[in-house]
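Student: Please take one part of this model and go through it closely. I would also like to know how the rest of the chain is laid out around it, with the cut-offs behind each term.

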Amino acid sequence: MVDERAEATPSFQVTCFANRSTAEIPGAIQNAERSIDILQMNLDSVRSELIGPIKHALERQPQMRVRVLTLDPSSAYIVGRGQQLGIRLNQHRDDLHRNVREVASALSEFPSQFSLRIYNEYPTQITMRVDDVVYVGTIAKNHRSRELCTFRLDVGAAGVERSFVNQFDAIWETSTEYQ
């Protein structure tokens, strides 16, 4: 008997990194040629690790598009995540607001290339797309996603566009521009 599931599921390569800092994301961003999309609950690592590479990419590629989506710091979903991480609610909200403001300010010199939006939905993914590669972070109780495995996938692989690119675009469409 033939296993139909095995025939219907094409294989593709997934690269697993022990955590986000080992996933070579800053280099990929710095060398991006067309687009960068970032979907994160908290922009702390974008603020502290990726502003330089993003600026470099924007300066090097005048047609580059960078879109950043982050959870609204006033969202009710922040309460639960702060509890999971053992962070007081007011401190967590203040940190999130500060990170959003600092990322927006740091990239404000690129108004035609850079957009920052906030969303207020249950956060289901942590993803970064650089051209045709998607980096996916995991979310776990009591750990920040940057400390957990990060997976690198090619956009052209079976299901990747539907699972990650389309998800980003759907949230982008219902999000609001950061003011």
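Tutor: The answer below starts with one helix, goes on to a residue that touches it, and ends with the whole chain and some loop residues.

The model is predicted, so local features need pLDDT of at least 70 and side-chain atom pairs count only at pLDDT 80 or more, while totals for chains, interfaces and linings use all residues. Residues are numbered from 1 along each chain as its sequence is written, and side-chain values use heavy atoms, with hydrogens and water left out.

The part chosen is helix α4, which spans residues 77-85. Helices (H or I, at least four residues) and strands (E, at least two) are DSSP runs, numbered from the N terminus. In α4 the buried residues are Ile78, Arg81 and Gly82. Buried means under 20% relative accessible area, exposed over 50% and partly exposed in between, with a 1.4 Å probe and protein chains only. Viewed down the axis of α4, its buried residues fall within an arc of 100 degrees, so they line one face of the helix. That arc is taken from the directions from the helix axis to the C-beta atoms. As background, an α-helix has 3.6 residues a turn, so residues three or four places apart point the same way.

The buried residues of α4 pack against β3 (65-71) and α5 (89-106). Contact here means heavy atoms within 4.5 Å. On the α5 side, His92 is a residue of that helix. His92 counts as buried because its relative accessibility is 4%. Leaving out residues up to four places away in sequence, His92 touches Ile78, Arg81, Gly82 and Ile87. Just after α4, Gly86 has a positive phi of about 75 degrees.

Now the whole chain. The protein has 6 helices and 8 strands, and from the N terminus on they run α-β-α-β-α-β-α-α-β-β-β-β-α-β. The radius of gyration is 17 Å, close to the 16 Å that the globule rule gives for 179 residues, so the protein is as compact as a globular protein of that length. The radius is taken over C-alpha atoms, and the rule is 2.2 Å times the number of residues to the power 0.38. Along the principal axes, the C-alpha atoms fill a box of roughly 60 × 40 × 30 Å. Of the 179 residues, 45% count as buried. Among contacts with a separation of 6 or more, residues 24 or more positions apart account for 74%.

Two buried residues sit in loops next to β5. Gln125 lies in the loop between β4 (114-119) and β5 (126-130), and counts as buried at 12% relative accessibility. Leaving out residues up to four places away in sequence, Gln125 touches Leu39, Ile139, Ser163, Phe164 and Gln167. Asp131 is in the loop between β5 and β6 (133-137), and is buried with a relative accessible area of 12%. Phi of Asp131 is near 55 degrees, a positive value in a residue other than glycine. Glu24, in the loop between β1 (15-17) and α2 (25-30), is another non-glycine residue with a positive phi, near 60 degrees.
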